[in-house]
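The exercises below concern charged pairs and the contact between chains, and each task is followed by a solution that goes step by step. Please work through each task with the structure at hand before reading its solution.

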Amino acid sequence: MTAANGFERVEGNSWTLGFGNLFARENRKWWASRRWWVQAVIWLVILVGLVGLVLFVVPTLTAPDGSAVSQEDPIMSALQGFFGLGGMALAIGITILMQDELVAEKQAGTAEWVLSKPVSRAAFFLAKLVAHTTGMLLVMLALPSLGAYALLTVYSGAPYPLAPFLAGVALLAMHTFFYLALTLMLGVLVERREVILAVAMVSLLGGSLIRNFLPTLSLITPWFLPDVGGLVAMGAELPAQFLLPIVATPIWSLVFIIVALRFFRRYEF
Amino acid sequence: MDISNQFVIETKGLSKSFGEVHALKSLDLAVPRNSIVGFLGPNGAGKTTAIRLLLGLNQPSAGGGQIFGLDIASQNLEIRRRVGYLAQSPRFYDDMTARETLRFTARFFFRGPKAKIEARVSEMLDLAGVADKADRPTRGFSGGERQRLGIAQAQINDPELLILDEPAAALDPMGRQDVLRIMEQLRQRATIFYSTHILDDVQRVSDRVVILNRGELVAQGPVETLLAGEQGVVYSLVTHGEPDPARQRLAAQPWISNLHLAQINGDYRWTVAVNDPAAAQAQLLRLVMQDDWIEVLEYGQQKLELEEIFMRLVQENEK
């Protein structure tokens, strides 16, 4: 059945064929289901709640002797919490959310079904990557960042400097994307969800430990990135060595994507 | 006729190994245009592996093949534009309804116009008998309903070649009849290559069969040729009484090509292959009955069923 029958044929090359249809399908998972608002509530509570707690609750707390519980600048503490703990929480969240994306499709047979149509394997993988990155950025990061920025502004009594805050959020996005790419790559390479979760968690939690013992190694990984994001958002001068994770993290993410595409191209059903 | 145009599927030495397991061993396949070809074999024979290789879902370990003259390994995207495929256990996104599933499938082939796509979707829902369930999410579908939806999605692009892996496996007798009816309707427009265990169906609708066992091609050819068998016409008799003198008389006849005698519960079953049916018709029974102690309980020309041929070929292959 072709144009002769009045149909307009889908065109595309070995990278893009089927991408549009699959991207729409993956987008539906975020925007045509309750996922977007469930995730929005979760991350608003976690990230904005954390900032609100540090800015408005902790300063009111006093120790039994009547002294203040925290002596630190609440804005600095809030930014450290938002970027440091938030970075870890987002990495765990995206790993949990994405661990099933490819494994479930491979096991259920839906991947085989879709790939029996004129669909390139690259399009199948990239549609997931792009759609979930968009969802993650908007719902899990942009929305809570907006909330956190509003609280910082309210607390300061004047707009908090936007550019450094946005730069810090960009680094947080880079860190979360690293785990999204890692999880999707593992979804291509392995058949078990537990392995994906284990590898991602070891990377996340082990990385936090390793950076205390091998700080130089940590600089070429994303493990410092959330803290660097916090410093950037505070407007602090960055030591030159802290530029390394900013360069290394996207490179790692790119490597994961290339490995995933390469292995998925040869994946056997 | 141009040879390359005569066969829709052609493979040469197509092989697939998974580690030490040789799932498919040097398959030479030739599927003529506009034929219905039954792809037979016991479980684990390599049928699904062969089908996945044809569609580019797996890569061959050796050999190769062509569909529509296009290489199955390097040009499989173009091949899949022109093929409809039904997997052995079809699975769809369970949050989608049947209609959404077909619309989603159609959009891999066509960008528009929307009205035509919708019309095609409705047509396929009707054809496969799932129109009344069109707006139900597929998560609640039974195996048979999924199979019907699978048949509908396989035809959404009006393919030149339909590859169906066990299309009637999960269907009730009514569903099976529907599938056979659809296949017969499509005979004029498409080539159908399907694997199955239901040999009655193959005998009923197929032009040709391909038999696979343990990854090896055992036989392929027109159904009639296979049913005629290598032995030609075969007579079957059941007698009571000492058979040896009669056996010696028959063994001396030049028109008998093969003679087999088996004792069953005190009676004797004779299987007599002949190369001159006229001579056999005139003399066989008379030669047996020359001994007056022999009582003939059954006599007739054996009509082989595909199942017998299949079992025989598979068993011979396993020796």
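**Exercise 1.** Determine how many salt bridges there are between chain B and chain A, and describe the side of chain B that touches chain A.

*Solution.* In this predicted model, the count between chain B and chain A is six salt bridges. One pairing across the two chains is that of Arg111(B) with Glu8(A), whose side chains meet in a salt bridge at 3.8 Å, N to O; this satisfies the rule, because the cut-off is 4 Å. Turning to polar contacts, the rule finds 20 residue pairs across the interface of chain B and chain A, both residues being at pLDDT 80 or more. On the side of chain B that touches chain A, at least two residues each are supplied by β1 (7-18), α3 (76-81), α4 (98-106), β7 (110-112) and α5 (114-127) of chain B. By class, that side has 14 nonpolar, eight polar and 13 charged residues.

**Exercise 2.** State the area buried between chain B and chain A, and find which residues in chain B lose the most area to chain A.

*Solution.* The buried area is about 3500 Å², with carbon and sulfur atoms giving 54% of it. In chain B, the residues that lose the most area to chain A are Arg81(B), Tyr93(B) and Phe108(B), which together account for 23% of what that side buries. The contact takes 35 residues from chain B and 35 residues from chain A. Strands also meet here: two bridges join strand β1 (residues 8-9) of chain A to β7(B), and the two run antiparallel, with Phe110(B) as the bridge partner of Arg9(A).

**Exercise 3.** For the salt bridges of Asp135(B) and Asp201(B), identify the partner and decide whether each Asp is buried or exposed.

*Solution.* Begin with Asp135(B), whose side chain meets that of Arg99(B) in a salt bridge at 3.0 Å, N to O. Asp135(B) lies in the loop between α5 and α6 (143-154) of chain B and Arg99(B) in helix α4 of chain B, so the pair ties together parts that are 36 residues apart in sequence. Asp135(B) has 55% relative accessibility and therefore counts as exposed.

Next, Asp201(B) and Arg176(B) meet through their side chains in a salt bridge at 2.8 Å, N to O. This pair links helix α8 (residues 199-205) with helix α7 (residues 173-186) of chain B, the two residues being 25 residues apart. At 5% relative accessibility Asp201(B) counts as buried, whereas Arg176(B) is partly exposed, with a relative accessible area of 24%.

Terms used:
Residues are numbered from 1 along each chain as its sequence is written. Chains are lettered from A and ligands numbered from 1 in the order in which they are written. This is a predicted model: local features need pLDDT of at least 70, side-chain atom pairs count only at pLDDT 80 or more; totals for chains, interfaces and linings use all residues. Side-chain values use heavy atoms; hydrogens and water are left out. Contact means heavy atoms within 4.5 Å. Buried area is the accessible area (1.4 Å probe) that two parts lose on being put together, summed over both. A polar contact is a pair of N or O atoms within 3.5 Å; within protein, one must be able to donate a hydrogen and the other to accept it, and residues adjacent in sequence count only if both atoms are side-chain atoms. Helices (H or I, at least four residues) and strands (E, at least two) are DSSP runs, numbered from the N terminus. Ala, Val, Leu, Ile, Met, Phe, Trp, Tyr, Cys and Pro count as nonpolar, Asp, Glu, Lys and Arg as charged, and the others, Gly among them, as polar. Two strands pair if DSSP finds at least two bridges between them. Buried means under 20% relative accessible area, exposed over 50%, partly exposed in between (1.4 Å probe, protein chains only).
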